[in-house]
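Here is a friendly briefing to read alongside the model. Keep the 3D view open and look up each residue as you go.

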Amino acid sequence: VTTGAATSITQTTATAAGTITATGCTAISAYGIEYSTTTGFPPGTGIQVPSSNLSGGNFSSALTGLTASTPYFYRAYATNGGGTAYGAEQTFVTASPNPTINTTALSAFGNVCINTTAGPNSFTISGANLTTANVTVGALAGFTYSTTAGGTYTASLSLAQPGGTYTQQIFVRFTPTLVQSYNGNIPVGGGGVAAPVNVAASGAGVNAAPTVTTGAASAITQITATAAGTISSIGCSAVTAYGIEYSLINGFLNGTGTPVASSNLAGGNFSSALSGLIPST
């Protein structure tokens with residue numbers, strides 16, 4: 001008997017071949033492949049996988065339950081009334097597990113004033129069974145990345161890693177330049193992974209106006225009064241004007257009253273002195 005090649009090798013299976021070149025003096029009663037993870041294992045001490053597909057002297061056995069990334073040693077055997085014969089030892093290595101990359105979620109940035117920077121928020125890359133190819137973090141408009149919170153941020157990353165298991169935290173900043181949504185996916189790939197993993201990124205550029213509340217009127221006379229206001233948020237740019245507008249019309253439209261500018265803003269609070277009013281009105 002001679003030992004043939006191993007084919008159809010996966011992480012956990014393989015097919016090993018053999019050939020009976022002479023049946024000997026009696027009929028063949030058993031034949032197949034025996035294998036072991038020990039090189040030079042004594043004939044007859046391996047795991048035997050009988051075969052039943054003999055044709056033209058050739059046969060094969062399907063080996064199953066193997067361990068990934070492992071060398072296996074095997075030989076063909078055949079038995080008749082005169083005993084069991086063995087072929088020469090051959091070897092193969094099972095396939096390595098497929099490289100994988102997983103990521104944690106990236107927190108949403110929400111509404112951010114245009115031409116300002118928010119963050120960093122972060123996500124973590126976890127790789128297994130990677131090749132030594134660089135792990136990459138792809139570009140997404142409005143977002144930049146670094147491997148440290150206070151480091152240099154760039155539009156993409158190419159990270160050297162030794163292969164196998166790999167973990168890296170990625171810090172993300174968001175800098176919108178337009179009033180629009182920047183929602184999208186950050187592609188993370190490399191390391192031998194067949195297809196990139198997408199990390200959802202969410203944020204919007206805004207150019208918000210100030211938030212202001214109207215306070216009480218005080219020091220009211222026949223023709224004067226003091227009306228107050230509070231700026232609770234300046235919005236996305238510096239406040240250039242503030243004050244009180246008033247009218248004789250209940251429910252008057254914003255911007256249609258008489259404006260009285262103020263210049264006494266302190267701690268967000270201000271007031272305007274209204275004069276030239278009509279008594280009992």
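## A guided look at the strands and links

Strands β6 and β7 form a hairpin, with 2 residues between them. Please keep in mind that this is a predicted model. From that hairpin we move on to a second one, then to charged pairs, a sulfur link, an open sheet and a surface patch.

**Two hairpins**

- In the hairpin of β6 and β7, the two strands pair in the antiparallel sense over 4 bridges.
- To see this pairing in the model, find Thr-79, which stands opposite Thr-84 in β7.
- As background, strands of a sheet pair through backbone hydrogen bonds, either parallel or antiparallel.
- Another hairpin is made by β1 and β2, with 6 residues between the strands.
- Here, too, the strands run antiparallel, and 4 bridges join β1 to β2.
- Thr-7 is a good place to look, since its opposite residue in β2 is Thr-15.
- Ser-8, in the hairpin of β1 and β2, takes a positive phi near 50°.
- Thr-13 also belongs to this region: it lies in the loop between β1 (2–7) and β2 (14–19).
- Is Thr-13 buried, exposed or partly exposed? Its relative accessibility is 28%, so Thr-13 counts as partly exposed.
- Thr-13 and Thr-2 are 11 residues apart along the chain, and their C-alpha atoms are separated by 21 Å.

**A network of charged side chains**

- How many salt bridges are counted in this model? The count comes to 2.
- The general idea is that side chains of opposite charge can pair when their charged atoms come close.
- One of the salt bridges joins Glu-34 and Arg-75, whose closest N and O atoms are 3.5 Å apart.
- Glu-34 sits in strand β3 (residues 30–36) and Arg-75 in strand β6 (residues 71–80), so this pair ties together parts that are 41 residues apart in sequence.
- Glu-34 and Arg-75 are both buried.
- Arg-75 also meets Glu-89 in a salt bridge, at 3.6 Å from N to O.
- Glu-89 is found in the loop between β7 (83–86) and β8 (90–93), while Arg-75 is in β6, so this pair ties together parts that are 14 residues apart in sequence.
- Why does Arg-75 count as buried? The reason is its relative accessibility of 6%, given that buried means under 20%.
- Glu-89 is partly exposed, with a relative accessible area of 27%.
- Put together, Glu-34, Arg-75 and Glu-89 are linked in a network of salt bridges.

**Cysteines**

- A search of the whole structure turns up 1 disulfide.
- A disulfide is a covalent bond between the sulfur atoms of two cysteines.
- Which cysteines form the disulfide? They are Cys-113 and Cys-236, with their sulfur atoms 2.0 Å apart.
- Cys-113 lies in strand β10 (residues 111–113) and Cys-236 in the loop between β20 and β21, so the pair ties together parts that are 123 residues apart in sequence.
- The link of Cys-113 and Cys-236 is left-handed, with -80° about the S-S bond.
- Both Cys-113 and Cys-236 are buried.
- Cys-25, by contrast, is exposed, with a relative accessible area of 83%.

**An open sheet of strands**

- In the order β19-β20-β23, 3 strands form an open sheet with antiparallel pairing.
- Which strands are at the edges of this sheet? The edge strands are β19 (211–218) and β23 (269–274), and each of them pairs on one side only.
- On average, neighbouring strands of the sheet are turned by 25° against each other, direction ignored.
- Strand β20 (residues 225–233) pairs with β23 in the antiparallel sense over 6 bridges.
- To find this pairing, start at Thr-226, whose bridge partner in β23 is Ala-273.
- A general point to carry with you: in a regular strand the side chains alternate between the two faces of the sheet.

**A nonpolar patch on the surface**

- Leu-248, Ile-249 and Ile-278 make a nonpolar surface patch of about 350 Å².
- Where is Ile-249? This residue lies in the loop between β21 (243–246) and β22 (258–261).
- Ile-249 counts as exposed because its relative accessibility is 57%, and exposed means over 50%.

Notes: Residues numbered from 1 in each chain as written. Predicted model: local features only at pLDDT ≥ 70, side-chain atom pairs only at ≥ 80, totals over all residues. Heavy atoms only, no water. Pairing = 2+ DSSP bridges. Axes fitted to C-alpha atoms, helices over the stretch in contact; angles between N-to-C directions. Patch = residues over 30% accessible without salt bridge, like charges linked within 9 Å, V, L, I, M, F, W, Y side chains within 5 Å. Areas by Shrake-Rupley, 256 points an atom, 1.4 Å probe, with all protein chains shown as cover. Salt bridge = Lys/Arg side-chain N within 4 Å of Asp/Glu carboxyl O. Buried < 20%, exposed > 50% of the residue type's maximum accessible area, 1.4 Å probe, protein only. Disulfide = S-S within 2.5 Å.
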